[in-house]
Amino acid sequence: MRRLVGTHVYSYVKCPRLAALDLHLPRSERRPPHPWEEFAARRGREFEAAYVQRLPVRVPVYPERDFEAGAAATLALLREGAPWIHQGVLASDDRLGLPDLLRKVPGASDLGDHHYEVVDVKTSGRARADQILQVVFYAELLAAVQGRLPTHGGLVLKDGREERFPIADFLAAQREVVEELRRLREDPELARPFLQAACASCHHDRRCLPELQRRDDLSLVQHMSHGARAILERLGCRTTAELAAFEPDGARARGNLDATLLRRLRRAAQARQRGAPVVEPRPRSPLDPAAIVHLLADPFADRVLAFGVLYPAREDGTFRWAPAPTAAAEWEVFRALVDALPARAALLHFGDALPRWCETHTFARDAEAAIEARFVDLGQRLRTAAVYPAPVFGLADLVRTALGRDPLRAGHPGAAAMWAAEPGGEARLQAKLEHDLRDLAALKAAILDVAAPAPGSPAASLPVTGAAGEAAC
Amino acid sequence: MIRRVQLSLEQRLLRFLAREERDEQRSQRELRAQPVEARVLDGECIQGAAFRGERAGAFVFAVDDNGSKFRPGDPVLVGDGIDLDAGMPLVCGDFDAARGELRLERDPYQRDAEVPLLPGASYVIDRRPLGLQGRLREAVRAAFADPLLALVLAGDHEPQRDEPRHARAVQRLAAVGLNPAQVAAGAAAIATQSLALVQGPPGTGKTRLLAEVVAALCGAGCRIAVCAYTHRAVDNALLAIRRAAADLPIVKLASSSGDGRDELRAASVQVLDARRARLADKGVVVGGTCFQIAKLHESYRFHYAVFDEAGQLPIPHALPGMLRASRWLFFGDHHQLPPVVTTAGADPEAAASIFAHLHTRFGSHLLDTTYRMNAGVCEVVSRAFYGQRLRPAAAAAGRRMPFVPGGRLDEVLDPEHGVVWLRIDHDQPGSRSLEEAHAVADLVEDLVVRHGVPPAEVAVIAPFRAQVRLLRSAIQHKAIRGAEAVVVDTVERIQGQEREVVLVSLTAGDPHSGRVRGAFHLSTNRLNVALSRARTKAVLVASGAAFRALPHDPEGLRMASCCKELRDRLVCIDLSRLYAAH
């Protein structure tokens with residue numbers, strides 16, 4: 001029987017299918033990490049090492065992968081009362097925990113007049129549910145060793161700040177996750193794949209995505225949810241092809257699904273059959289004059305690497321860009337690009353990275369906030385303006401699905417921090433920004449600038465080239 | 001290099017206000033750019049509304065399927081759903097689910113607008129944006145320029161109390177029949193030299209205590225401002241004060257006609273326009289929302305600003321009232337409904353209520369005895385939401401709902417179990433569940449017809465307005481005599497009320513949608529308010545899937561975890577087993 005480890009908890013929160021495959025498949029079955037994923041992992045390890053270096057830590061010594069010996073060595077350090085234990089081992093019959101740090105705190109336990117709590121070191125900017133559940137998972141294992149549950153757990157975030165939280169507040173959720181993991185350990189088929197945003201970066205993508213395609217799974221339809229898929233399957237509608245022709249009569253025949261939702265899903269399935277997006281009738285909402293603004297960021301360092309602007313917001317518009325050499329220079333670089341645009345031009349952007357970045361700066365620098373009023377999220381507009389032949393989570397999905405282009409032809413945006421650290425990396429940043437901006441302009445032209453059909457008239461269907469309908473696959 | 005911008009509380013509040021304003025404008029703008037069906041699914045639009053004609057001054061539309069969030073009074077646009085600039089501005093009226101009729105009325109501020117509706121024609125009804133924000137930014141800046149207020153907001157203040165006044169207050173409050181916790185909290189409020197907080201869980205007599213405290217202070221010649229987020233909450237507080245003191249001069253500030261004005265006048269509460277009001281120099285109670293209080297002449301100041309339902313009052317909204325006084329009394333409960341916040345992922349410190357913000361810095365006096373809930377309901381509520389510090393009053397503890405055994409739902413309605421979970425497994429995504437609506441309608445029928453519970457003593461609560469409509473429709477179809485008296489609404493609309501029996505429809509059936517959107521239906525504050533409306537019986541109607549949500553944000557996960565604990569403690573009755581047995 002394979003033991004449950006903290007990573008399984010982490011995976012389960014992301015996707016139960018991911019946890020099931022992690023539990024049942026050897027590591028060799030996973031997709032090897034991309035270079036930028038290795039780059040990020042290395043920075044994470046360096047951060048943890050730098051943090052731990054400042055602490056008076058003890059490390060249990062044991063033969064590699066002999067976790068029983070590791071647990072015994074950890075117990076000895078716990079009893080000894082070491083102030084900090086790094087990479088301790090906590091084990092039970094069916095669970096294994098390797099917390100980053102165990103910290104000695106006052107309060108009686110089986111160990112004496114002290115006990116320990118779990119502290120994990122993370123490279124994220126704020127605490128997440130999966131990280132908290134992992135700490136609670138370790139805390140329960142620790143409770144079995146020291147005879148009491150620690151009252152708190154901690155997460156060290158990338159700015160070095162520690163976020164503490166009461167273990168009891170999350171215990172029920174953690175126990176439910178562990179129960180679910182035990183069920184998945186027995187039967188991995190309890191968790192079926194479902195196409196979602198995280199699939200694009202999952203190390204089991206080469207297994208799940210072909211499986212979904214082979215089954216013509218309902219999750220390949222835009223707007224599909226787990227609940228709707230379950231209801232439709234119970235009604236005998238199991239593939240996107242069947243959904244495209246599914247016209248039940250009455251609430252019972254549609255499994256009580258909301259009629260509007262079902263109509264929408266059916267149209268999305270029809271778009272999939274057709275292999276092309278269908279522009280929907282919608283209110284007039286002109287976006288010109290407008291520029292498209294885009295950025296590449298280093299999430300780990302919490303800073304922008306470069307900004308790019310395309311004006312006018314057409315594929316043949318003028319592209320300008322500027323790298324931000326330091327965090328302190330970001331605002332000036334951005335303002336210089338924007339100040340060169342017409343004063344009232346709408347600033348089209350994709351997603352919430354730019355508004356979030358801008359918001360911090362406008363307040364920190366007491367700068368005028370009017371610039372934020374010019375922001376329009378192209379992502380939201382594009383997602384709702386048409387029915388796509390596949391779910392569209394990010395820019396890459398839209399470019400692939402609606403334009404039939406390879407969105408990663410200038411590289412993966414996650415690699416930007418890695419490029420910036422390499423000689424000649426600026427050219428790659430520039431190329432990536434330009435490609436993304438021209439793709440956004442092409443999407444705007446193809447989806448948003450198409451005249452909306454009059455109510456009652458047939459919706460406009462767009463011709464596409466390339467492998468449309470294969471978003472994230 | 002890791003950069004982190006440290007903002008002061010003032011900056012965070014200003015940022016929060018700016019984001020609220022911007023996000024509200026942006027969401028309206030983006031909503032108006034979406035296709036009709038997307039707006040319908042968001043509950044912000046009704047498609048296919050056929051105009052039937054004008055009736056008693058209202059425009060009547062046939063609406064087969066109203067899943068919108070519109071409430072009476074909401075401004076709407078009627079048109080083709082595409083050219084929104086050409087839409088006709090009207091105001092939402094009542095929706096008659098049985099007839100499938102929606103009534104729209106003329107907008108009192110746009111009476112001259114033409115309404116060329118064609119009988120029989122089909123229209124799209126959209127939400128119309130309202131003007132936003134007032135003087136909150138100025139209030140934030142002014143508050144932080146005030147030395148004492150700045151210290152209080154930062155938590156760098158040591159509240160002092162007047163001991164002789166405290167001793168007198170204890171005597172006075174004990175004499176009017178308050179319980180020990182109420183006396184302690186009320187005396188602390190009367191004797192404070194700066195601020196005091198009173199936490200009043202459901203049914204613990206918070207508003208009565210507020211009235212006694214205000215009556216005592218006003219009787220001593222003080223000018224008192226009574227503030228709340230809504231006019232309704234202000235009116236409730238003023239009426240309670242009138243009951244506590246028949247001869248105090250009480251003024252309600254209001255700039256337009258509103259509900260409840262007759263009730264106030266009947267209670268000898270003077271209703272005045274804030275800009276023209278001439279108020280007494282001493283011994284007067286002036287009620288109003290914080291905006292109304294701020295409209296008074298700038299030279300007029302109060303000895304005390306008293307805030308009711310302070311757990312729902314955002315910090316910036318409290319500041320106009322706080323700026324008018326030198327002592328502040330807060331009555332609220334941060335475990336009940338929080339402030340309404342538009343911005344997703346808002347800064348939690350800036351988005352907190354004034355009560356929650358000050359509670360973490362100064363603590364509060366807890367009223368620990370509920371006069372509403374019986375022992376069974378109180379036990380569940382107290383354990384899940386109040387760390388077992390809430391107990392029922394002796395008179396309430398043993399109360400039971402009327403019960404006539406022999407029905408198929410006996411196991412659910414057994415009065416021995418204060419709160420039960422009626423499990424009805426389904427996978428409905430979104431905000432409607434017909435399965436739960438039918439089950440709730442069956443329960444209402446059984447309660448009223450078999451057990452003789454008066455319809456007015458039954459409340460049905462759901463987290464989503466779309467589900468509320470579905471529930472109303474399902475109950476109407478039962479044709480139960482007097483069923484129109486059953487209250488069916490969202491938690492927000494039912495706070496402050498109580499009923500013998502409460503049925504809560506959690507609605508959600510897809511745990512995965514909660515991962516991304518946050519599990520709104522598992523908000524512990526809302527569940528607390530919903531269950532604690534019940535005097536003797538609460539039934540939680542929910543799919544097992546509703547509890548399996550694992551939100552990605554820590555606060556959502558904490559609440560979901562709390563709800564999982566609650567689920568595990570409840571008596572669970574599976575509806576399919578129950579119906580199969582009959």
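**Two helices and a buried strand in chain B**

Student: In this predicted model, what is the handedness of the crossing of H7(B) and H8(B)?

Tutor: The two elements concerned are helix H7, residues 206–219 of chain B, and helix H8, residues 231–244 of chain B, whose axes come within 8 Å. Where H7(B) and H8(B) cross, the handedness is right-handed.

Student: How are H7(B) and H8(B) oriented to each other, and why?

Tutor: Their axes cross at roughly 60 degrees. Angles from 65 to 115 degrees would count as roughly perpendicular and those under 35 as roughly parallel, and H7(B) and H8(B) are therefore oblique to each other.

Student: Which classes of residue make up the contact of H7(B) with H8(B)?

Tutor: On the side of H7(B), the contributors include B:Leu210, B:Ala211 and B:Val214, while H8(B) brings residues among them B:Ala237, B:Ala240 and B:Ile241. Sorted by class, the contact holds two polar residues, three charged residues and eight nonpolar residues.

Student: Is strand S21 of chain B buried or exposed?

Tutor: Strand S21 spans residues 534–542 of chain B, and nine of its nine residues are buried, so the strand is largely enclosed by the rest of the structure. The state asked for is thus buried.

Student: Which residue in S21(B) is the bridge partner of B:Leu503?

Tutor: S21(B) pairs in the parallel sense with strand S17, residues 419–423 of chain B, over five bridges, and there B:Trp421 stands opposite B:Leu540. S21(B) also pairs in the parallel sense with strand S20, residues 499–505 of chain B, over six bridges. In S21(B), the partner of B:Leu503 is B:Val539.

Technical notes
Residues numbered from 1 in each chain as written. Chains lettered and ligands numbered in written order. Predicted model: local features only at pLDDT ≥ 70, side-chain atom pairs only at ≥ 80, totals over all residues. Axes fitted to C-alpha atoms, helices over the stretch in contact; angles between N-to-C directions. Helix = DSSP H or I, 4+ residues; strand = E, 2+ residues; numbered from the N terminus. Parallel < 35°, antiparallel > 145°, perpendicular 65-115°, else oblique. Left-handed = near helix turned anticlockwise from the far one by under 90°. Contact = placed C-beta atoms within 7 Å. Nonpolar A, V, L, I, M, F, W, Y, C, P; charged D, E, K, R; others polar. Buried ≥ 20, exposed ≤ 12 C-beta atoms within 10 Å, placed from the backbone. Pairing = 2+ DSSP bridges.
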